[in-house]
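User: I am new to this structure. Please walk me through its domains and its interface.

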Protein chains: 2
Amino acid sequence: MPYRAPLIDLRFVLDHVAGFADVAATDRFAEAVPETVEAILTEAGRLCEETLAPLNRAGDMHPARLENGVVRTSPGFAEGYKAITEGGWVGIAADPAFGGMGLPMALATCVNDMMGSACLSLQLNPLMTQGQIEALEHHASDAIKALYIPKLISGEWCATMNLTEAQAGSDVGALRTRAEPLGDGTYAITGQKIFITWGDNDFSANVCHLVLARLPDGAAGTRGISLFMVPKIIPDDQGALGARNSLNVVSLEHKLGLHGSPTAVMQFDAARGWLVGEPHKGMAAMFTMMNNARLGVGVQGISVAEAAFQQALAYAMERKQGKTPLGSGAIIDHADVRRMLGQMKAEIFAARSIALACAVAIDMGRATGDAAWAARAAFLTPIAKAYGTDIGNEVAYLGVQVHGGMGFIEETGAAQFARDVRVTAIYEGTNGIQAMDLVGRKMMDGGEAAFRLIDEIEAGAEAARSAFPDLATPLWHAAEALRDGTEALLAQQGNDRNAGAVPYLRAFARVLGGHCHLKAALADASRADLARFHIRRLLPEHGALLAQVREGASGIYALTPEVLQA
Amino acid sequence: MPYRAPLIDLRFVLDHVAGFADVAATDRFAEAVPETVEAILTEAGRLCEETLAPLNRAGDMHPARLENGVVRTSPGFAEGYKAITEGGWVGIAADPAFGGMGLPMALATCVNDMMGSACLSLQLNPLMTQGQIEALEHHASDAIKALYIPKLISGEWCATMNLTEAQAGSDVGALRTRAEPLGDGTYAITGQKIFITWGDNDFSANVCHLVLARLPDGAAGTRGISLFMVPKIIPDDQGALGARNSLNVVSLEHKLGLHGSPTAVMQFDAARGWLVGEPHKGMAAMFTMMNNARLGVGVQGISVAEAAFQQALAYAMERKQGKTPLGSGAIIDHADVRRMLGQMKAEIFAARSIALACAVAIDMGRATGDAAWAARAAFLTPIAKAYGTDIGNEVAYLGVQVHGGMGFIEETGAAQFARDVRVTAIYEGTNGIQAMDLVGRKMMDGGEAAFRLIDEIEAGAEAARSAFPDLATPLWHAAEALRDGTEALLAQQGNDRNAGAVPYLRAFARVLGGHCHLKAALADASRADLARFHIRRLLPEHGALLAQVREGASGIYALTPEVLQA
């Protein structure tokens, strides 16, 4: 069942839910006129449907492998990568001064959405590169920018981020990789990094590793960490490739999914590196890269959900099983199958709307310099990441369920979606860490960004009250409950607040999703049924979620290790 | 991290939650005195810990395979099977007249629970045989009983159930396999069956297939189906094996999980079969087998949840990640990790309690002949199956999440639990079908079985009001809401009722689970914290679930295929 790019939905969300018109009205993104948007989406959609989607099964069945220190990628991936780079898609949001298209993040997000549906394993590669480009744009010296960014945008070189070490996962500050000054302005990087996505490949001329390491005078913890560019092959000032650097791939992981994406253990043995940004300020630079990547990973969840939904819907319409309630003979007639499909579509629409609203906020923050937009982007990023990847997993689960017994058979492909998407709820900060970020750092404004969104949700409900009273009323009440829950959360400290972080994030996404659906219904009445499904069937969950928020931590910590082991 | 049999929890649930004392007080099960129960559980637990659990990874990494028509099982499985049979575990609940132990289903369920944790792929084999034994006990002629049951109990022969065909999955009535009388009282069975669990093996002398097929005068649909015993090798009247029957394994499926369990496509080419039960009454006999198997599959979900929980808990206590809120340095200190572990344990306790309450009801129905017990068993079976396997999947998901990035790496084993358990929500009737069974057939009594349980839940809450007011009050209100929801459901017909079936089943499990936790707290105050976690954090979900029940089908069917495709 071939993937079909959801061009209509993407355009609709941009135009009627996420507020893309505001972005196109700025000077910075004046080029993003409707014709350009249409052309970009259509062209990217065609690439995804025709070239990338056919690679997805091959990547799963023929994983990337390590042969004599060289990573051999899955069949067709080299050609797929070439097609991505030739379309200029790596640099869609990158600075035109270096060869990028300079288009809004909202458009880049739409393109990533489609690429992730088509072939998530391969899409991870340019996603990593996009994150590195952004980190370099913000933090690197002019010389490094000029040397690396054009090659990354053109796709001649690929990029990775090297954070994790065996003893330093979520706790990045525990890393042990060292950087010794060589006296010529460069550094010798030594250490081992794990879980390095696309740590190497056999289709790009170079691989540019951004590596977190500690200088000799670096403090313990995160404040003593610096960031280094450590290329696989050392370029001269003009970008001509010279000697191989002293780094290599030790092994590739045997993973539940994403078999086409080589996940490497990387060894750096006094590899030559160049400082990016200020000494000891590596975490700040890495956060730039990670914030971009967090939205990108949230979209990966939506991508897989979309692909899983399309396949499940096609299966449900084709699969005949005797008499069915509506007489078609296909299982889509069964109320519970229809319910599952409705839930899948409603969640995808809500998550995509939130992700694109986040991207629009990023774009508006950049284009206008308005701190309120930046605050909104910061607030929405962990929601987009965690909710997008949670529903990615839930929708892929339902996709298997709609297939019945066939869903458990690998040839069907439904199970691959569930396997591939699993890690998106873990990498780039687990969804638990996203939630702690939301209720911690992102509410240090006293909840201002949260309350502004809640105000908008309530205003939206008011505006819809005459057209859709059965939707506007429950949504307004849910927003009020969310306001109360937010105040309760803000009154909590530390562990109490963290204990409710995951339910709070989900409750926020539920209510915000209802808002997006209602906006959609107001803009196009044919979307009211999906909005009704979301608001009347899924939204009520917010009550139970907010009840958990109010519970605080004591009941959780009462379950001591001894109680849990009993 | 080795599996540890949860002997204390199993004993506690039997004695203080599920009402096993009533079973032991019957004449039929008078042998099930505490010493016997203790000995059975201890012995089975040792087998699971020492012999079966070490096979689990090998089964995953070295799947059963088909070589020249012969199924080669995973390394160690033959020895594991031998150990199961030597312990007499296949026939734990079978009729002593044929060599069974004749013990209650509640005890058999505890043993299956542990075996499923240790090695689900292998446990499926005796589970199938147990189901066949029960079907034969109820429906077969004395000659077939005498010939087959002792060999199945001893484990000399294994058993399968052959229902599904490519075009006949959930719609069994669409099957095309034919049975032609041969004139000597036997039949020639011809057709192809798919998804045949343990369709063959290399460690039992024979494989006894129970096959659904249609006689020449059989009506279309389920009313024209008959059941046949079709052995792989044809025995004489004394059980001595003679000629090979004309059936074979065409292929084995490449599955998401349960790699150690060979799932076969079976071809029957005029294979010789013996009628079991009356002509055209095959579905009734099959339902006997399936009802047994449904509880068994529900327990499989609990089994995997238990194993996944144990591993995640051990990991969370060992994994150090910098400063943690309680200062231990291990990630179990983090509120959200603790929350996940608490949810895992609370769900396992609730699901195990419900499964054992169902088993007790089966035992009481058999021992007393009281229709009310049989009605309770029938009502609880779909709940035990669907809720047990739903939480099996949810807990395994959380188990991966607790492991962070390591959870995505296959060597860790956390992902295998998630892959293995996935199909339990699908086979033996998808969980959607379980829910339709609950709100349909199981409520043809006008809700009597449901209301009797709700009455007990409310009485339990009343009894706990002084000891645990913060638990008894919300539980009592939840039971009242469930009563109202049940009445609302009973007022619905057809599609409207089916549309709310899955949320209704879950709501019932939520409230019933709260009841079980509260009983546990009353019996042992050290269990109050887990009960509090369940009642205050998980139970509130029932409101949103019952809201879905009230919505009926119209909002679901408004999402037409055209709307879903848009």
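User: Where on chain A does UniProt place the feature "domain: Acetyl-CoA dehydrogenase-like C-terminal"?

Analyst: First, the basis: this is a predicted model, where local features need pLDDT of at least 70, side-chain atom pairs count only at pLDDT 80 or more, and totals for chains, interfaces and linings use all residues. Residues are numbered from 1 along each chain as its sequence is written, chains are lettered from A and ligands numbered from 1 in the order written, and side-chain values use heavy atoms, without hydrogens and water. UniProt positions follow the numbering used here, with shortened feature names, and annotations may be inferred rather than shown by experiment. The unreviewed entry places this domain at residues 454-559 of chain A.

User: What percentage of residues 161-270 of chain A is strand?

Analyst: UniProt (unreviewed entry) annotates this span as "domain: Acyl-CoA oxidase/dehydrogenase middle". Helices (H or I, at least four residues) and strands (E, at least two) are DSSP runs, numbered from the N terminus. Helix is 0% here, and strand is 50%.

User: How far apart are the end C-alpha atoms of residues 281-438 of chain A?

Analyst: UniProt (unreviewed entry) lists "domain: Acyl-CoA dehydrogenase/oxidase C-terminal" for this span. The chain here is 75% helix and 0% strand. Its end C-alpha atoms are 23 Å apart.

User: How much area do chain B and chain A bury between them?

Analyst: Contact means heavy atoms within 4.5 Å. By that rule, 84 residues of chain B touch 84 residues of chain A. Buried area is the accessible area (1.4 Å probe) that two parts lose on being put together, summed over both. Carbon and sulfur atoms hold 61% of it, and the total is about 7,400 Å².

User: Which residue of chain B meets Arg536(A) in a salt bridge?

Analyst: A salt bridge puts a side-chain nitrogen of Lys or Arg within 4 Å of a carboxyl oxygen of Asp or Glu. The rule finds 2 across the interface of chain B and chain A. In one of them, at 2.9 Å from N to O, the partner of Arg536(A) is Glu551(B).

User: What relation links chain B to chain A?

Analyst: Copies are superposed by least squares on the C-alpha atoms of residues with pLDDT of at least 70 in both. A turn of 180 degrees and a shift of 0.0 Å along the axis lay chain B on chain A, with an RMSD of 0.0 Å. That is the relation of a two-fold axis.

User: Which residue of chain B comes closest to the rotation axis?

Analyst: The distance is taken at the C-alpha. At 3.4 Å, the residue is Glu541(B).
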